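User: Got a minute to walk through this one with me? I'd like the chain-level picture, then some helix packing.

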Amino acid sequence: MEFLASLLPASLVTHAPAIIVVTPLMMAAVAAIMPNGRLGWGVTLISTMVSALLAIAIIVDVQTGGVVSYAMGGWAPPAGIEFRIDGLNAVLLLVIASLGLLSVIYALPSVADEIEKSRQSLFYSAFLVCFAGLIGVAITGDAFNMFVFLEISSISTYVLVGMGAERDRRALTAAYNYLILGTIGATFFVIGVGFLYMATGTLNMADMSSRLPDLSDSRVVQAAFAFIIVGLGLKAAMFPLHLWLPNAYAYAPNFVTSFLASTATKVAFYTLVRFLFDVFWPEAPFVEVSFLWVFAILGIIGMIVASVQAVFQDDARRLLAFSSVGQVGYMMLGLGMGTAAGVSASMLHLVNHAMMKGALFMALGAFAIRFGVRRISDLNGFSRSMPFTSVAFTIGGLSLVGVPMTVGFWSKWYLGVAALENGWWWAVVALILSSLIALTYVARMLAAIWVAEPHHDRTGAIAHARAPWLMLAPMWILAIANIWFFFQPEFLISMANAAAEAAFSGGAR
Amino acid sequence: MTEFDWTQLLDYALMAMLLAVGIAIVRLRNLFAAVMLMGVYSLISAAWFVSLDAVDVAFTEAAVGAGISTVLMLAAMLLTAREAEPVKAIRHWAALIVVSVAGAALFYAVGDMPVYGDPNSPANSYVGMDYITSTPNEIAIPNVVTAVLASYRGFDTFGETVVIFAAGLGVMLLLGLNPGKKKGDEE
Amino acid sequence: MSPHLVLRVVSKLLIPLIVIFGLYVHFHGDYSPGGGFQAGVIVAAAVILYALIFGVDSAKQAVPTWFVKFLAAFGVLLYGGTGVATLVLGANFLDYDVLHPDLAHHSGQHIGIILVELGVLSTVFAVMMAIFYAFAGRAPDIPEGEW
Amino acid sequence: MIEILAERFNFIIVIILMMTGLYAVVATGNLVKRLVGLSLFQTSVFFLYITIGKVFGGQPPILPEYSEGHGGGDTYGGDVVAASDYATDAAASSVSHADAGHYAAEAIYSNPLPHVLILTAIVVGVATLSVGLALVVRIRETYGTIEDEAINQADYAIDSARRNT
């Protein structure tokens, strides 16, 4: 890491927080006017590389120097907008930058196959805007600026999901419902921020948290808390508010699903952690009660119900989308414990889940590009024709279940340990139960791939239709990461603990 | 609210009209009338913004809200349907439940909200007012709102420009610009 | 007598005035209410009025679609470019003071604000035109007579 | 109780408008009507922010024009001040740069920050509305209807048809 960071000149690193967001935005404008798709992809690749390098530089900065603060426009925080990066959003930067880069490498064949020629450069431009929006939400320190970046990433995500309509017309209704629920979520968030502004007079999150503790009995602050949690819960697909996610992930283009599944809900979960620990404060009565009842209980119900729904799906991507809702339930459970161990376990699971779902959705995209697969029964006998992709898919599936030798094991392990420390035996039972349900739907898919006989009408084409190189490489990088980080978990665990410690130490206290 | 100033009457009238137009929009089934009333609603809200001393916002709301949104909704309605189905009873009651829960949460918080127009409420005594005292010395332009919009919180406006750009991208991607027929069909 | 003769004559007079008023709103934004957004919408309204009266195809000859797409990207690049210029000159992103040495009159700020608002003007104008072309270009579903 | 509510009637109006917008979004089945309800809901949020920033007896936050030339170039400065007298009807004498800061404190202005935030929110509202309407037009072209029950039935019919092939 340090070696990569030393590549950049010092002057660039001091302005890294601004450049990491501005480069994708300006490259999006450049990509929009590119004549054809390949040039658009080139521009996108360059800007995601730049952002990835800068992300590494910022993470190294945070690990050595603690909090990185950058005043936009040179105005001091309460007057101007401040970018604030501590241990908590350093993890997010790592996930978004790395997954964004891998998804873009994966994108060329997948987009060439699914998006019409004349619209590819605009499509890449919309992706860059979404990528920059997610990074912006992760590192901004200003509440209203977070709303603006939330809207930037959301509007481009609605469009990206809607672009799936060239393959399946249901993408349009999925994008429309996602737009309505996403906008209601963002508007609830704005109402919450408006109430916080009404109570504290400032919009800077650090400044806000220093003024909130002595307003703990004000009902405006309690209403603000409720609205912000509902708004961000809608964005993070928390259990009862997740109705938009399955269709959106199932009918979007494959490239979009593999990027969104590993980053979008993670960023919304980060904003929940940031507001819960750094803007509001856990000791407040109304926050205390929300930990157990809103996050832990709903997290557990979400884990069980969403996993059960996943078992009965016959569309492969809808199945994985429901499992994503279940995995968000794991993170909510970790958050609901309210302890440093719980938050660290949920941040660890955030990173692990990004790796698992990235590999799984990329593998499904590779199956789709060759055989246009939709239903699980279409996956029959794919191990013979696409062995590499099937192995990557299997590693991802096993990691989803939490089988030892894969990184999923550690996140389940630490969640269980944190739950036991908290004396929540019922949480451990729920963890085991949902892992078993996850085993059923993963086994169902793996059985189709490895055991079942291929469909008679495709035996001819089945000889050896390997996925294109540009798709295999990122898929395998993620699959290997799933295994490598099982044996070398120290790096991820240290990042997760630093995130939890930053969450608890941030804000007023 | 010490001495009675007549502009309050104007505010009451505008608010009453807003409520009436808002409820009419919700109850109407004819989309053409609903879109027209939406334009009226934006103009009345622009008028109320002026009396709330928010002149920049009134200008934008009149231009963007009443102008472009109404043209957009009319064009979209021309391309889709002009009559909405009646609201089903089940959805009506579900909506009422959701609305009453959210409304209760909001009314619960009204008690602690600052009094309307109170100069030393937390919002009006901190960052907001500092802009007025610091703008002459640091940016030296009369319109403080433009100073805050472009310089103090310039990054917000950059994000906003990107939001509008993303919306333009979205419409170009979803509907295409269907350029002039003679230059070869871009679609 | 071509149809809508009165409309054509009046709009021929009105459209240039609307565009000038839009530019006035933009450049006078420092002193009176106004700025990039309102100006962009007003200029777009002028071109939409032209399209309504003289037909969308003639409007597309006046303001072609490739120009609209370019102008939208140009606005974001202009805004970001101003910020990158301040970065290159050594200050934080979008800190306009470095744009002009004369700090007493804050001319750096004035330059920065005008440039930034120009970026907003061009993006808002281009996007409003793009949206109008996208909707107006598709065949109207409801026959004219039925209004 | 009535006294508390009477002083905060603006918030009550905001809440009622917010709830009518939310009702329209949840209740209606028509996709265009739902977008109209959504923009109603967002417009009420604008009122919430702006009424926070209103100060009684205040003016719009536009400071009177003052001369630029308090250092060199007095001639230029003089004209500007003369030209701007009409703007400072309240102020007695011409205003130089240093006085502007002091003068600004005397006159009461409304809070400019919510205005900036709402300029952003209006633009976000229009952006969401235009993407939503683009989706509705595409849905109308592919499904032939914009009532969500009819759309769900069309999807369900295709699903069941595919399931038993």
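Analyst: Sure. One term up front: a residue is buried if 20 or more other C-beta atoms lie within 10 Å of its own. Also keep in mind that this is a predicted model.

User: OK, start with chain C. What percentage of its 147 residues count as buried?
Analyst: In chain C, 49% of the 147 residues count as buried.

User: And how many helices and strands does chain C have?
Analyst: Five helices and zero strands. Along the sequence the pattern reads α-α-α-α-α.

User: What radius of gyration does chain C have, and what would a compact globule have?
Analyst: Chain C has 19 Å, whereas a compact globule of 147 residues would have a radius of gyration near 15 Å. Its C-alpha trace spans about 60 × 25 × 25 Å along the principal axes.

User: What share of the chain C contacts with a separation of 6 or more is between residues 24 or more positions apart?
Analyst: That share is 61% in chain C.

User: Now chain A. What's in it by way of helices and strands?
Analyst: Chain A has 21 helices and two strands. Buried residues make up 70% of its 509 residues.

User: Which radius of gyration goes with chain A, and what does the globule rule give?
Analyst: Chain A has 22 Å, and a compact globule with 509 residues would be near 23 Å, so the two agree. Its C-alpha atoms fill a box of roughly 70 × 55 × 45 Å along the principal axes. Among contacts in chain A between residues at least 6 apart in sequence, 80% join residues at least 24 apart.

User: Let's do helix packing. At what angle do H14 and H15 of chain A cross?
Analyst: Roughly 170°, with the axes of H14(A), residues 316-336, and H15(A), residues 340-371, coming within 8 Å. Angles over 145 degrees count as roughly antiparallel, and H14(A) and H15(A) are therefore roughly antiparallel to each other.

User: Which residues meet there?
Analyst: From H14(A), they include A:Leu320, A:Gln327, A:Tyr330 and A:Met331. On the H15(A) side, A:His349, A:Leu350, A:His353 and A:Phe361 are among them. By class, the contact of H14(A) with H15(A) has 11 nonpolar, seven polar and two charged residues.

User: What about H18 of chain A, why does its length check out?
Analyst: H18(A) has 15 residues, 407-421, and at 1.5 Å a residue they should span 21 Å; the end C-alpha atoms are 22 Å apart, which agrees. Just after H18(A), A:Gly423 takes a positive phi of about 75°.

User: Which residues of H18(A) are buried?
Analyst: Among them are A:Trp410, A:Lys412, A:Tyr414 and A:Leu415. What covers the buried residues of H18(A) includes H14, H15, H17, H19 and H20 of chain A.

User: Switching to interfaces. How many residues does the contact take from chain B and chain D?
Analyst: 81 residues from chain B and 77 residues from chain D. On the side of chain B that touches chain D, the largest share, 14 residues, comes from H3(B). By class, that side of chain B has 55 nonpolar, 17 polar and nine charged residues.

User: And for chain B with chain C, how many residues from each?
Analyst: That contact takes 44 residues from chain B and 52 residues from chain C. H3, H6 and H7 of chain B each supply at least two residues of the side of chain B that touches chain C. The largest share there, 14 residues, comes from H3(B). By class, the side of chain B that touches chain C has 28 nonpolar, 13 polar and three charged residues.

Conventions:
Residues are numbered from 1 along each chain as its sequence is written. Chains are lettered from A and ligands numbered from 1 in the order in which they are written. This is a predicted model: local features need pLDDT of at least 70, side-chain atom pairs count only at pLDDT 80 or more; totals for chains, interfaces and linings use all residues. Two residues are in contact if their C-beta atoms, placed from the backbone, lie within 7 Å. Helices (H or I, at least four residues) and strands (E, at least two) are DSSP runs, numbered from the N terminus. Ala, Val, Leu, Ile, Met, Phe, Trp, Tyr, Cys and Pro count as nonpolar, Asp, Glu, Lys and Arg as charged, and the others, Gly among them, as polar. The radius of gyration is taken over C-alpha atoms; the globule rule is 2.2 Å times the number of residues to the power 0.38. A residue is buried if 20 or more other C-beta atoms lie within 10 Å of its own, exposed if 12 or fewer, and partly exposed in between; C-beta atoms are placed from the backbone. Axes are lines fitted to C-alpha atoms, for helices over the stretch in contact, and angles run from 0 to 180 degrees between N-to-C directions. Angles under 35 degrees count as roughly parallel, over 145 as roughly antiparallel, 65 to 115 as roughly perpendicular and the rest as oblique. The expected span of a helix is 1.5 Å times one less than its number of residues.
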